[in-house]
Amino acid sequence: MNHATSFRPPLPEDGAQVHQLVSECPPLDQNSVYCNLLQCSHFRDTSVAVDMGDRLVGFISGYLIPDRPDTLFIWQVAVHEQARGLGLASRMLLEILRRPQCAKVSYLETSITADNQASWGLFKRLADRLGTNTQDSTLFDRDRHFRGQHDTECLVKIGPFNNAQVIEAS
């Protein structure tokens, strides 16, 4: 199989493909197609799509937190099983952090459930590559916020780091 990949900002036309990709990547929570369309348009500068041939095999949605423009929040990371083991998730994160829109970002935040070991590993490896720390705390509690319908989401904060560290980690 040819593993040639291309990284790019997503386009609104990718929304339905993103929705399909996420559905094929359990245990990720599916958003609506409309939400994916917004991610691919409103948040395209802080999100990334990865193609392998004519197939979308990777997607990360993220955004700058409005009242903290030095913080990039990563909403969701999806890598199709065909593309796993190629380091795409780490490469996608660094792709976003290298963009001019993220030049002033010194913190990255995400939320992860306690049992999602793949995501914990990804973000701890990113912190190591950036030569910085991670902190975690409860962001949304299972009972308080989700009424028992979803596992607690832990907030993971990576940083501080600077643009030179991002370039060096790439």
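This passage walks through the annotated region, the strands, the nonpolar cores, the cysteines and some backbone oddities of a predicted model.

To start with the record, an unreviewed UniProt entry lists residues 5–153 as "domain: N-acetyltransferase". Across residues 5–153, helix accounts for 29% of the chain and strand for 32%. The C-alpha atoms at the two ends of that stretch sit 31 Å apart.

On the strand side, β3 and β4 are antiparallel partners, held in register by eight bridges. The link from β3 to β4 is a hairpin of two residues, and F59 faces A78 of β4 across the pair. β4 also pairs with β5, but here the two strands run parallel, with four bridges between them. One of the residues involved is L72, whose bridge partner in β5 is L108. Put β4 and β5 together with α3 and the result is a β-α-β unit of the right-handed kind.

Helix α3 spans residues 88–98, and nine of its eleven residues are buried, so the rest of the structure largely encloses this helix. The buried set runs through L88, A89, S90, M92, L93, L94, E95, I96 and L97; S90 and E95 are thus on the buried list along with several leucines.

Then there is the packing inside. As a general point, nonpolar side chains in soluble globular proteins tend to be buried together. In this model the largest nonpolar core counts 33 residues, and L108, F123 and I158 have the most contacts inside it. Two or more residues each come from β2 (48–52), β3 (55–65), β4 (68–79), α3, β5 (107–113), α4 (117–130), β7 and α5. Helix α3 gives the largest share, with seven residues. As for L108, leaving aside residues up to four places away in sequence, its contacts are L72, I74, L97, F123, L126, V156, K157, I158 and F161. So L72 turns up twice for L108, as a contact and as a bridge partner. A separate core of nine residues lies apart from the big one, and its members include V18, L21, C25 and C40.

Two of those names lead on to the cysteines. A search of the whole structure turns up zero disulfides. For C25, the closest cysteine sulfur is that of C40, and at 14 Å it is too far away for a bond. C35 also has C40 as the owner of its closest cysteine sulfur, here at 9.4 Å, again too far for a bond. Both cysteines are tucked away: C25 is buried with a relative accessible area of 3%, and C35 counts as buried at 15%.

Finally, a few backbone details are worth a look. The peptide bond from P26 to P27 is cis, with omega near 10 degrees, and P27 belongs to the loop between α1 (15–23) and α2 (33–41). A second cis bond runs from G159 to P160, with omega near 5 degrees; P160 is in the loop that connects β7 (153–158) and α5 (163–169). R147 is an oddity of another sort, showing a positive phi of about 50 degrees despite not being a glycine. R147 falls in the loop between β6 (134–140) and β7, and it is exposed, with 74% relative accessible area.

Terms used
Residues are numbered from 1 along each chain as its sequence is written. This is a predicted model: local features need pLDDT of at least 70, side-chain atom pairs count only at pLDDT 80 or more; totals for chains, interfaces and linings use all residues. Side-chain values use heavy atoms; hydrogens and water are left out. A disulfide is a pair of cysteine sulfur atoms within 2.5 Å. Buried means under 20% relative accessible area, exposed over 50%, partly exposed in between (1.4 Å probe, protein chains only). UniProt positions are given in the numbering used here, feature names are shortened, and annotations may be inferred rather than shown by experiment. A nonpolar core is a set of buried Ala, Val, Leu, Ile, Met, Phe, Trp, Tyr and Cys residues joined through side-chain atoms within 4.5 Å. Contact means heavy atoms within 4.5 Å. Two strands pair if DSSP finds at least two bridges between them. A crossover is right-handed if, with the strands pointing away from the viewer, the path from the first strand over the helix to the second runs clockwise.
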